[in-house]
Amino acid sequence: MKNIKMEKLAIAGGKPVSVKQLKPMDWPPRDKATAKKLCEVYMSGKWSFNGTEEQAFVKEYAKFHGAKYGVFMVNGTVTLQCALAACGVGPGDEVIVPALTWLATSTAVNQIGAKTVFVDIDPLTLCLDPQKFKEAITPKTKAVIPVHLYGSNADLDVIISIAKKRGIFVIEDCAHAQGGKWKGRGLGSWGDIGSFSFQQSKTLSCGEGGICLTNDEKLAGLLYRLKHIGYAANTAQGKAASGPPAGLLCNNYRATEFQAVILRGQLKGLAKLIALYNRNALRLEKQLAGIPGLRVQARGRLAGPQSYYGWAVTFTDDVFAGIPFSSIQKAMTAEGLSTWGTYGPVYKHMLYNLPKNSAYRIANGKCPVAEGIASSKTAVLPHPWLGSDAATIDLIARIFAKIAGNADALRAVK
Ligand SMILES: Cc1ncc(COP(=O)(O)O)c(C=O)c1O
């Protein structure tokens with residue numbers, strides 16, 4: 001990309017890259033066929049209890065990801081809690097979680113009475129650093145939750161092989177990875193359990209919802225009991241033939257037929273949507289390659305296609321030192337593009353309201369990479385931006401390049 005430095009920043013009175021504020025693709029998708037089906041389910045009066053829509057969705061979703069079993073639930077936080085409980089994690093156990101994630105990954109651990117151990121991330125993929133995971137293992141470590149963050153994925157080869165040797169359960173947090181693949185098979189089907197969220201902003205969305213995938217029949221059975229107040233899989237409501245194993249604290253986390261209908265509709269288009277996201281992410285990456293000051297989040301090793309809950313770019317200190325992220329965001333908005341910031345380390349989040357010494361531990365006392373990513377400047381474009389047409393994608397690339405080429409001018413803007 002040429003001559004970007006010659007263009008005056010819009011925030012300093014120059015011509016913006018886009019006069020109109022750019023807009024992402026409308027999200028979530030709505031269509032008439034799904035609306036009709038929702039009405040039919042409504043009129044049928046069969047709204048819950050593992051109905052035909054739920055059963056069909058679970059089968060289709062598990063198959064899409066190369067998993068044998070799926071258990072559908074109300075959200076992607078309780079799926080994590082149930083995954084941990086099914087693996088036998090409880091009070092006195094430690095669970096390793098990457099420091100950079102949405103806080104639900106950790107609060108699920110605390111909800112079941114275990115202790116979160118935060119471990120630092122890889123600076124390129126922004127996912128759990130496998131070496132640091134290894135170093136943080138103690139005799140109390142019962143599980144690890146690698147999070148496949150934004151548009152990348154954790155290095156499952158290394159993490160699973162370390163975990164297997166130490167008898168540690170692997171629960172993949174795939175809240176950002178619906179439909180994403182690794183070594184040609186779906187994320188969420190590699191660890192002991194994969195946990196997904198279908199909350200409003202996700203790449204597959206029904207407002208609120210979640211699912212656990214697994215290839216382990218026993219874990220699938222426990223997950224089902226956990227979410228359905230103790231009923232065994234496929235027993236009809238009111239017809240329990242056997243109770244849950246002693247100590248399994250079962251609850252009601254059932255989702256409804258309406259959510260399953262919406263997800264089934266979207267699942268049909270998921271592969272195509274992800275292919276488009278991957279094409280546009282590549283188009284952006286190519287245009288920004290080699291521009292000093294910009295580091296696009298690295299794709300997961302052996303991954304593809306990726307799901308892209310978001311597309312993340314770090315403004316690196318070699319060019320942007322001393323410039324607050326708020327100034328970068330203001331300058332980008334003036335050029336026509338609004339971006340999110342990234343998560344910070346969970347333990348610094350204002351909503352992470354836990355008594356420190358008992359509920360969590362930070363491996364080595366701090367996670368400098370995760371802290372650096374948050375305070376150095378990382379912009380995230382939510383996935384609907386990757387559904388834009390080629391002209392919009394090129395304008396987005398141009399805005400990033402223009403900001404990177406004008407860091408000195410940005411420093412001077414008050
Ligand atoms: C990484 C991660 N894990 C877990 C969750 C929890 O999902 P939910 O909001 O469906 O409870 C989210 C949701 O945003 C998330 O981003």
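Into which domains is the protein chain divided? Colour residues 4-27 plus 269-412 as domain 1 and residues 32-264 as domain 2, and you have the split. Keep in mind while you click around that this is a predicted model.

**Stop 1: where the domains meet**

Drop a centroid on the C-alpha atoms of each domain: the two centres are 28 Å apart. Now pull up the contacts across the boundary, where 41 residues of domain 1 meet 37 residues of domain 2. On the domain 1 side, select α8 (257-288), β11 (310-315), β13 (360-362), α12 (368-375) and β14 (377-382), the elements that each give two or more residues to that face. Colour this side by class and you'll get 30 nonpolar, eight polar and three charged residues.

**Stop 2: the eight-stranded sheet**

Next, switch to cartoon and walk across the open sheet in the order β1-β9-β8-β5-β4-β2-β3-β13, with mixed pairing. Its edges are β1 (69-73) and β13, each of which pairs on one side only. Look along the sheet and you'll see neighbouring strands turned against each other, by 25° on average if direction is ignored.

Then select α7, residues 217-227. This helix lies across β1, β8 and β9, and runs at about 15° to β1.

**Stop 3: zoom in on β8**

Pick residues 193-197. Is this strand mostly covered or mostly open? Mostly covered: five of the five residues in β8 are buried. Show the side chains, and I193, S195 and S197 point one way while G194 and F196 point the other. That fits the general pattern, since side chains in a regular strand alternate between the two faces of the sheet.

Now add the strands on either side of β8:

- β9 (residues 210-214) pairs with β8 in the antiparallel sense, over four bridges. Label F196 and its bridge partner I211, then S195, which sits opposite C212.
- β5 (residues 169-173) pairs with β8 in the parallel sense, over three bridges. Here the pair to label is I171 with I193 opposite.

**Stop 4: the ligand and A175**

Centre on the ligand. Which residues are closest to the ligand? Select G76, T77, W102, A175 and S197, the closest of the 14 residues that surround it. By class, the shell has four nonpolar, nine polar and one charged residues. S197 should look familiar: you met this residue on β8, pointing the same way as I193 and S195.

Stay with A175, in the loop between β5 and β6 (181-182). Why does A175 count as buried? Because 28 other C-beta atoms lie within 10 Å, and the cut-off for buried is 20 or more. Leaving aside neighbours within four places in sequence, A175 is in contact with G76, W102, F196, S197 and K202. For a sense of scale, draw a distance from A175 to H228: the two are 53 residues apart in sequence and 22 Å apart in space, C-alpha to C-alpha.

**Stop 5: the four-stranded sheet**

Last, hide what you have and select the open sheet with the order β10-β11-β14-β12, where the pairing is antiparallel. The edge strands to mark are β10 (294-296) and β12 (340-341). Zoom in on β10 and β11: these run antiparallel and are joined by three bridges. Label R295 and you'll find T314 of β11 standing opposite. Two strands of this sheet, β11 and β14, were also in your selection on the domain 1 side of the boundary.

Note on methods. Residues are numbered from 1 along each chain as its sequence is written. This is a predicted model: local features need pLDDT of at least 70, side-chain atom pairs count only at pLDDT 80 or more; totals for chains, interfaces and linings use all residues. Domain bounds come from an automatic or database domain assignment. Two residues are in contact if their C-beta atoms, placed from the backbone, lie within 7 Å. Ala, Val, Leu, Ile, Met, Phe, Trp, Tyr, Cys and Pro count as nonpolar, Asp, Glu, Lys and Arg as charged, and the others, Gly among them, as polar. A residue is near a molecule or strand if its C-beta atom, placed from the backbone, lies within 6 Å of it. Two strands pair if DSSP finds at least two bridges between them. Axes are lines fitted to C-alpha atoms, for helices over the stretch in contact, and angles run from 0 to 180 degrees between N-to-C directions. A residue is buried if 20 or more other C-beta atoms lie within 10 Å of its own, exposed if 12 or fewer, and partly exposed in between; C-beta atoms are placed from the backbone.
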